[in-house]
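Colleague: Could you take me through one part of this protein closely? I would like to hear about the charged side chains that pair up, and about what surrounds them.

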Amino acid sequence: MIAAADTPTFTVVLVGNPNTGKSTLFSALVGVHQHVGNYPGVTVEKKTGEMVIEGRPFEIIDLPGLYSLAPRSRDEMVVVDLLFRQSQEVAADAVLCTVDATNLERNLYLVSQILELGLPVVLAVNMLDVAERRGIRVDLDRLERQLGVRVVPTQANRRIGLEQLKAALAVLPSSPTQPLRATCKCHAGLLGCACYNPGMQRPPPGPLCPNVTRLPAAFESEVALLHSELAADPQQCPDGPPTRSLVRRLLLDRSGYMQRTVLNDAEGRWATRIETAQTRLADVGCPVPSVETTARYDWARRVLDGVVVEPPHYEATHSDRIDRVLTHRLWGTLIFALVMTSVFQSVFVWARPLMDGIESLTAAAGGFLGSHMAEGAVRSLVVAGILGGVGTVLAFLPQILILFGFLAVLEDCGYMARAAFLMDRLMVRVGLSGKSFIPLLSSFGCAVPGIMAARVIEDERDRLTTILVAPLLTCSARLPVYGLLIAAFIPAQTYWGGLVNLQGVTLAGLYLLGILAAVLAATLFKRTILRGQTPPFVMELPSYKWPSPRTVAMRMAERGWVFLRTAGTLILAVSILVWAALYFPHNPQATHQQQQRESLLGQAGQVIEPVVRPLGWDWRIGCAVIASLPAREFVVSNLGVMYHLDDELADNGTQHDRWSQKLHGVTWDGTDRPVFNIPVALGIMVFFALCAQCAATLAVIRRETNSWRWPIFTFAYMTALAYVGALITYQLGMWIGDGA
């Protein structure tokens with residue numbers, strides 16, 4: 001059905017605990033009509049989708065999962081900010097809550113907070129099939145009567161209950177939307193009062209609802225007093241008096257986030273007043289926030305009385321039996337290592353044909369354009385600058401898609417939570433928690449999505465530490481550098497009857513170097529500039545289930561687009577700048593090498609040659625390294641330009657064979673001394689294992705931290721580390737070679 005052009009869009013926010021099937025339900029509702037952006041003023045991603053119900057356009061916003069409106073992580077802060085700041089750019093007209101039928105008491109904690117907001121609410125009870133298998137029976141009609149809101153049974157992964165859910169949403173625009181405090185006939189301190197029941201087609205309960213749980217009288221007195229003081233301050237509340245629910249959250253929030261952002265009190269005008277109220281409450285036996293925890297769980301138990309019937313005893317489920325193996329300290333760790341090895345091997349093997357195809361298409365496009373365009377700056381820009389930069393980025397897209405496809409499968413089936421649990425013991429030793437594991441794991445494919453995944457870490461110091469060390473882990477962009485230099489300079493010797501290959505050991509050593517550097521850097525940061533206690537690691541282990549192909553495909557498409565948008569556009573821009581630095585000032589009569597020496601980049605390389613000479617590098621290697629700032633893999637093509645590696649050398653052999661011959665024949669200017677040898681090659685590889693030669697990564701760090709300080713710090717410390725590592729490698733290698 002097509003929506004009328006003049007019909008206003010009705011905005012519904014989707015809220016729920018993690019692992020309740022919320023995102024699966026979102027995808028089932030809106031399908032492909034969704035897009036990913038950022039919430040206004042912050043870096044947390046916003047998933048929105050559109051659909052039309054009975055001729056009315058609906059916008060569905062999938063908010064990050066959270067357990068409570070007491071924000072700790074940036075994701076949770078976005079939810080609180082959107083729900084309480086209704087005058088901002090994103091305003092909610094109604095709330096769709098998803099709950100897990102197997103954990104209703106815990107899920108209703110958040111539901112009770114949502115009900116206090118006074119917005120129309122629809123409750124989607126998901127995973128009823130799992131509850132039935134465990135012997136849990138849920139009386140949904142009684143739950144609907146107890147809560148006073150529409151309750152719809154759903155099974156999101158099988159698209160069951162979607163039509164009933166859409167029908168429940170369809171009546172919301174015509175339902176009363178007055179805030180709870182204006183329609184409640186019970187008491188100002190109620191939690192989830194059933195007097196307020198938008199969308200229900202029956203009169204409200206009597207003046208005293210049987211399922212109401214009040215906060216202590218002392219707390220409500222402080223709420224009333226603070227509410228009156230804020231209402232009398234027009235400077236603080238320009239949009240009208242604050243709601244009671246907002247005042248409660250101000251008193252219950254120990255972090256001060258609500259005061260700074262929702263109350264717009266960055267100067268701390270109300271900080272002392274709120275802290276005094278919190279201290280006074282603690283003195284009379286109402287400590288914050290335990291007073292809320294007790295009241296809300298008591299309310300949840302009363303609501304569920306007669307709603308949930310549990311079996312006399314729970315038998316071990318399939319998930320329990322699987323977890324005995326997968327979370328075992330020994331067997332679980334071995335299985336995890338096998339799974340991760342298989343994932344990365346598959347990523348490299350499966351991606352290679354696609355990468356070769358993209359490279360061939362890019363080369364063919366460059367050849368076609370080069371043969372049909374007049375020689376000059378425009379042809380050089382299009383072929384070398386634009387196509388070269390875009391082709392390099394696109395060539396690594398298959399690896400990103402395959403990696404995130406695997407990660408989406410592992411996450412959707414429930415395994416990634418177990419992996420984080422296993423790795424928590426190791427992460428604690430460096431001052432982090434298991435929540436840092438998944439972002440760091442993602443960084444082996446690409447640091448950009450790995451850094452973005454750190455948003456789920458609540459502790460700001462842990463999040464920053466994870467972001468700062470993620471680029472040290474060996475991403476796929478380093479593989480072209482390793483592959484070229486290992487093939488050219490590391491002998492193909494085997495040991496132990498061919499089981500161990502020296503070239504393979506070298507590659508494994510470079511991966512291990514990145515891991516050790518990340519561990520040492522994280523330990524150092526957590527003990528110095530980002531010192532703080534490691535927070536306890538609490539993660540719910542979801543039930544195992546078959547992953548949804550639809551969900552996996554949409555996550556792959558989403559992450560692929562994020563990669564192209566974040567990395568591709570920036571690398572393209574910097575590639576054009578690098579081309580210009582090599583092309584200008586242009587001298588048509590100069591030879592290729594003369595043009596390089598006289599170009600802006602060549603002049604910069606000669607300036608820094610005294611700095612890089614201790615590493616065994618000449619000015620051309622220095623130029624290649626400078627020009628590879630957009631992406632580490634650029635150094636391969638840059639070396640090809642600097643040393644004419646594309647010249648014909650032999651009619652047989654692989655490309656690596658021809659490049660090896662050429663590199664071995666390169667000499668220092670005016671001498672016959674070779675530039676490249678094993679220590680130089682190892683030094684270059686160590687440098688690129690530790691350096692921050694990735695403009696996209698630095699740009700994402702800037703976006704995620706909202707400051708240039710941290711990307712500058714990352715570039716500085718990684719460049720210094722890379723220089724020292726390359727210096728030690730080259731000097732030690734030459735010393736060993738001279739000694740031998």
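Modeller: Happy to; here is a walk through the salt bridges, with some of the surrounding structure. Please keep in mind that this is a predicted model. The chain has 31 helices and 11 strands, and of its 740 residues, 51% count as buried. Contacts also reach far along the sequence: among those with a separation of 6 or more, 72% are between residues 24 or more positions apart.

Now to the charges. Side chains of opposite charge can pair when their charged atoms come close. The structure holds 17 salt bridges, and I will pick out three.

Let's begin with Asp 462 and Lys 526, whose closest N and O atoms are 2.6 Å apart in a salt bridge. This pair ties together distant parts of the chain, since Asp 462 sits in helix H20 and Lys 526 in helix H22 (residues 502-527), 64 residues apart. Asp 462 has a relative accessible area of 0%, so it is buried. Lys 526 comes to 5% relative accessibility and therefore counts as buried, the cut-off being under 20%.

Helix H20 (460-469) also leads to a loop worth a glance: Thr 474 is in the loop between H20 and helix H21 (479-489). Thr 474 is buried, with a relative accessible area of 0%. Leaving aside residues up to four places away in sequence, Thr 474 touches Ser 443, Phe 444, Tyr 482, Leu 510 and Tyr 511.

The second pair is Arg 296 with Glu 292, which meet in a salt bridge at 2.7 Å, N to O. Here both partners belong to helix H12 (residues 290-303), four residues apart, about one turn of the helix. Arg 296 and Glu 292 are both buried.

The third pair is Arg 703 and Glu 704, with the closest N and O atoms of their salt bridge 3.6 Å apart. Arg 703, at 23% relative accessibility, counts as partly exposed, whereas Glu 704, at 0%, counts as buried. Returning to Arg 296 and Glu 292, they are part of one network joined by salt bridges that share partners, together with Glu 116, Glu 220, Arg 248 and Arg 249.

For a contrast with the charges, look at helix H31 (residues 709-739), where Ile 728 has its place. Ile 728 forms a nonpolar surface patch with Val 724, Leu 732, Trp 735 and Ile 736, and together they have about 540 Å² of accessible area.

Note on methods. Residues are numbered from 1 along each chain as its sequence is written. This is a predicted model: local features need pLDDT of at least 70, side-chain atom pairs count only at pLDDT 80 or more; totals for chains, interfaces and linings use all residues. Side-chain values use heavy atoms; hydrogens and water are left out. Patches are made of residues with over 30% relative accessible area and no salt bridge: like charges are joined within 9 Å, nonpolar side chains (Val, Leu, Ile, Met, Phe, Trp, Tyr) within 5 Å. Accessible areas come from the Shrake-Rupley method with a 1.4 Å probe; for residues, only the protein chains shown count as cover. A salt bridge is a side-chain nitrogen of Lys or Arg within 4 Å of a carboxyl oxygen of Asp or Glu. Helices (H or I, at least four residues) and strands (E, at least two) are DSSP runs, numbered from the N terminus. Buried means under 20% relative accessible area, exposed over 50%, partly exposed in between (1.4 Å probe, protein chains only). Contact means heavy atoms within 4.5 Å.
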